[in-house]
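Visitor: Hi, I'm new to this one. Could you walk me through it?
Guide: Sure, here it is.

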Amino acid sequence: DGDVYWEGMEEIPSGNITDWRRHKHWQPALRPNFKGPGTGYKGLGYKVDDKIDPCAQANSRFTSPITQCPVLDPAWNSPTGVPIDAIIFGGRRDNTIPLVFQAFDWQHGTFIGSIMRSQATSAADQVGLTNDPMAIKAFCGYNIKDYFAHWLKMGTRGLKLPQIFHVNWFQKDSHGKFIWPGFGENIRVLEWIFDRCGGSGKAVKSPIGFLPEKGALNMNGLSLSPAQVDQLFHLDKGLWQKEVQAAQKYYHNTLMPAAAPADEPKVPEPLLKELHGLASRVENQM
């Protein structure tokens, strides 16, 4: 019928389906449905097994033109350029990384982006906690160390640079439940980011960057206890020691292995210094 289909839809269209690899006449793989005959796929007592020969690519998703956004700035695509006030990195982390923090400066922000780790997605073709620098590992078209160097070079051009932040909406409590409500409530974090960029947001300096000062983040109306709010911004020394070790391993073993060719790009020296600085602050200030 010319419409789209993806795994998880209520019904499979009766007409011919072309899958994501352009194979025509796709048919689903089936497995028995415990509810028995008269249920499942075409009432045959089977369920669609979306793990075997799926119709849709594992990382497929719907998109919509940005022009559909009702609050889009009229100058969003200005040919003279669009000023950027903030860059926000983010990863899916159960612990360690606070709800939001701000880099000390551009170089430190580049470093934060370079050591990001996150629960992998299908786009990265990996599972578990993995390094995903600047959330671009699966999409970077050239050597990631040259990419880091490009960022650092931007900081030497005398430009008015964006502030750099890192967010983590996905911290969990001891019961495995998300602490932060997320979704529309994320605007509370964005409000603090806007305030920081405008010079009015209050923050305290920590070993990893600037954290919101107590009371600086609007928590009015949320059903979060003081203990939950504290957990959202708690810096655990043991976890951060592991974070430093993971960054060291990533820089020295993954990005600069001993067997690498002599002309292979190195991790830029400023980032190695930032890593040393983080290690020192974690040991001495946490």
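**A first walk through the model**

Guide: Let's start with a charged pair: Arg117 is buried, and Glu243 is buried as well. Buried means under 20% relative accessible area, exposed means over 50%, and partly exposed is in between (1.4 Å probe, protein chains only).

Visitor: Before we go on, what kind of model is this?
Guide: This is a predicted model, where local features need pLDDT of at least 70 and side-chain atom pairs count only at pLDDT 80 or more, while totals for chains, interfaces and linings use all residues. Residues are numbered from 1 along each chain as its sequence is written, and side-chain values use heavy atoms, with hydrogens and water left out.

Visitor: OK, back to the pair. How far apart are the closest N and O atoms of Arg117 and Glu243?
Guide: They are 3.0 Å apart, and the two residues form a salt bridge. That term stands for a side-chain nitrogen of Lys or Arg within 4 Å of a carboxyl oxygen of Asp or Glu.

Visitor: And where do Arg117 and Glu243 lie?
Guide: Arg117 lies in strand 5 (residues 117-119) and Glu243 in helix 5 (residues 237-255), so the salt bridge ties together parts that are 126 residues apart in sequence. Helices (H or I, at least four residues) and strands (E, at least two) are DSSP runs, numbered from the N terminus.

Visitor: How many salt bridges are there in the whole structure?
Guide: The search finds six. Another one joins Glu264 and Lys145, with their closest N and O atoms 2.9 Å apart. This pair also links distant parts of the chain, 119 residues apart: Glu264 is in the loop between helix 5 and helix 6 (269-285), and Lys145 is in helix 2 (residues 144-154).

Visitor: Is Lys145 buried or exposed?
Guide: Lys145 counts as buried, because its relative accessibility is 3%. Glu264 has 26%, so that residue counts as partly exposed.

Visitor: Which residues do salt bridges with shared partners join into one network?
Guide: Asp19, Arg21 and Asp53. Within that network, the side chains of Asp19 and Arg21 meet at 3.3 Å, N to O. Asp19 is buried, with a relative accessible area of 6%, whereas Arg21 is partly exposed at 38%.

Visitor: New topic. How many residues are in the largest nonpolar core?
Guide: It has 49 residues, and those with the most contacts inside it are Trp180, Val189, Phe233, Tyr251 and Leu278. A nonpolar core here is a set of buried Ala, Val, Leu, Ile, Met, Phe, Trp, Tyr and Cys residues joined through side-chain atoms within 4.5 Å. Elements giving two or more residues to this core include helix 1, helix 2, strand 7 (163-167) and helix 6.

Visitor: What does Leu278 contact, leaving aside its neighbours within four places in sequence?
Guide: Leu278 is in contact with Phe111, Ile115, Pro207, Ile208, Trp240 and Val244. Contact means heavy atoms within 4.5 Å.

Visitor: Which residues of helix 6 are buried?
Guide: Among them are Leu271, Leu275, Leu278 and Val282, along with Glu274 and Arg281. The cover over the buried residues includes helix 1, helix 2 and helix 5.

Visitor: Does anything in helix 1 stand out? Say, what does His108 touch?
Guide: Not counting residues up to four places away in sequence, His108 touches Ala103, Ile208, Gly209, Glu274 and Arg281. His108 is in helix 1 (residues 106-114) and counts as buried, at 2% relative accessibility.

Visitor: Gly209 came up there. Which residue stands opposite Gly209?
Guide: That's Ser206, with Gly209 in strand 9. Strand 8 (residues 203-206) and strand 9 (residues 209-212) run antiparallel and are joined by four bridges. They form a hairpin with two residues between them. As for the term, two strands pair if DSSP finds at least two bridges between them.

Visitor: And Leu255, where is that found?
Guide: Leu255 is in helix 5, and at 8% relative accessibility Leu255 is buried. Beyond residues up to four places away in sequence, Leu255 touches Ile144, Lys145, Phe148, Tyr250, Pro265 and Val267.

Visitor: Last one: how many helices and strands are in the protein chain?
Guide: Six helices and nine strands. Of the chain's 286 residues, 35% count as buried.
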